[in-house]
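Biologist: Please take one part of this model, the open sheet, and go through it closely, together with what packs on it and any enclosed spaces that a search of the structure turns up.

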Amino acid sequence: MKFCKTLYINGTSVAPANGTLDVLNPATEKVLASAPVASSDQVDQAVAAARSAFLQWRDTSDEERSQALLRIADRMETHADELARIIVHEQGKPLMIAQREVAGATAWVRYTAGLKLPVDVVFEDDSKRIEVHRKPLGVVGSITPWNWPLMILIWHLMPALKAGNTVVCKPSEYTPFHALRLFEIIGEELPAGVINVVNGRGDIGQAMSEHEGIDKIVFTGSIATGKRIMGAAAGNLKRLTLELGGNDAAVVLPDVDLEQAAEGIIAAAYKNMGQTCAALKRLYVHEDIHDALCEKLVAVAQRHVVGDGMEPGVTFGPVQNSMQYTYLCGLLDDIREQGGTFLCGGEPLPGKGYLIPPTIVTNVDPHSRIVQEEQFGPILPVIPFNDLEEVVTLVNEPQEGLGGSVWSADVERAQAISSRFECGSTWINFHGEVHPSAPFGGCKQSGLGVEFGQEGLMEYTSVQTRHILKQG
């Protein structure tokens, strides 16, 4: 398989001016290929190209932009197998999950193509009318993570384009090849300069965050990095959309169907090997069913086949990078030292690759690291409770506030409980699913703003209020 070795600036493939960096296959720890690294001058060139292209792109009609997005979706569909295989090699997830990522991203493009920016008439009488219009911001800087690399890039890129903005993207240095190839594939469907991709390490993201020519940053990643971006963006008061992860909790009441709950909980906790912002990361189970549900959870978890995502039959891939792998191994050590009980997993697999099997742990303190920190990996702590007031307090303790769920046969009661969670999204009897029409974002330190749907689209615009005096 060939991997793109060039940047994409102003409609042209451009050689990197700052050398290359090695990208590893996390299933083997071998060098996959060397990726291009942009210089600060090339960031300037990409921003200049985007600013110039904005003057044309903002004036295209809504219908023209929609048609461009639909053509992009068609091209993605044509190259779906290629994009999925790139994702497996650089990110590690099993091929079937990568294929779903590409298919989901393509469908998301088509949905975004159909969104409309409203014109709201907020006042009208015989003499005047007041309208609220939405205008594109200018150049959007997109900084994307390594966990769902293509999907999140699409979440950033497509509403920006639909609203009339131009884009400079920096993918994660761990997973750059999908973005470099995608921009080659779709670039011909857009005027030169409308989309640009520069690759590199954190200094490139810093340069984008500080850049006076970028009007908005949209970032998905850690709280710490989000705070740095927020500070760097203050120079020209950039607009920000920050999705900064979560430590999502689920509360399971004693009236659930254990079989159904176990299937849904495992799917939610180990989605993408637990490397999902809205994955289920803390499980509070009523003490009356704690042991029985744990037995079911272990049975479902152990059906997974762990290994290289390109191998037939593998359903559970590696942790994406060595830094995250080392962090998770440290959490496993801490659980042992604190007297936690591993019901399954608990040890990395021997040999090469960042492979940690599905792990379920009990007998952990509700204030221990594995519960209070966002593990972002395949380790699920299960904590018994018997007091509903106490468990709601525990759910709301961490600094994150992205999502949470309640599992119960009594849907109305479950909704009443979930309404007390301090988080941006709640689910009843499932967890972590997102929908293109439903706003998604966090509260507390899980971020600023929302993505998806019309509300997400409007995050890429500014308000212009028009006061119109009628004649006659």
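Modeller: In this predicted model, seven strands form an open sheet with mixed pairing, and their order across the sheet is S14-S15-S16-S13-S12-S18-S19. The edges are held by strand S14 (341-344) and strand S19 (425-428), each of which pairs on one side only. From one strand to the next, the twist averages 25°. Within this order, strand S13 (residues 280-286) and strand S16 (residues 379-385) run parallel and are joined by four bridges, and in this pair Leu283 stands opposite Val382 of S16.

Helices pack on the sheet as well. Helix H9 (residues 258-269) touches strand S12 (248-252), S13, strand S15 (359-362), S16 and strand S18 (403-407), and the direction of H9 makes about 155° with that of S13. Helix H14 (residues 411-418) also packs on the sheet, where it touches S18 and S19, and its direction makes about 160° with that of the edge strand S19.

As for enclosed spaces, a search of the whole structure finds two cavities of 30 Å³ or more. The second largest, with a volume of about 70 Å³, involves the sheet, since strand S12 and strand S17 (400-401) are the elements that give two or more residues to its lining. Among the residues that line this cavity are Asp248 and Ala249, together with Arg282, Glu400, Gly401, Gly403, Glu422 and Cys423. By class, the lining of this second largest cavity divides into four nonpolar, four polar and four charged residues.

The largest cavity has a volume of about 120 Å³, and of the 16 residues that line it, Trp108, Trp155, Pro159, Phe452 and Gly453 are the closest to its centre. Helix H4 (95-113), helix H5 (149-162) and helix H15 (453-458) each supply at least two residues of this lining, and the largest share, four residues, comes from H5. The lining of the largest cavity has twelve nonpolar, three polar and one charged residues, whereas the lining of the second largest cavity has four of each class.

To return to the sheet, its order places S13 between S16 and S12, and both S13 and S12 are among the strands that H9 touches.

Notes. Residues are numbered from 1 along each chain as its sequence is written. This is a predicted model: local features need pLDDT of at least 70, side-chain atom pairs count only at pLDDT 80 or more; totals for chains, interfaces and linings use all residues. Side-chain values use heavy atoms; hydrogens and water are left out. Two strands pair if DSSP finds at least two bridges between them. Axes are lines fitted to C-alpha atoms, for helices over the stretch in contact, and angles run from 0 to 180 degrees between N-to-C directions. Contact means heavy atoms within 4.5 Å. On a 1 Å grid over the protein atoms alone, a cavity is a set of points where a 1.4 Å probe fits but cannot get out, and a pocket is an open set with protein on both sides within 12 Å along at least five of seven lines; lining residues have an atom within 4 Å of a point. Grid points are joined across faces, edges and corners, and a volume is the space filled by probe spheres set on the points. Ala, Val, Leu, Ile, Met, Phe, Trp, Tyr, Cys and Pro count as nonpolar, Asp, Glu, Lys and Arg as charged, and the others, Gly among them, as polar.
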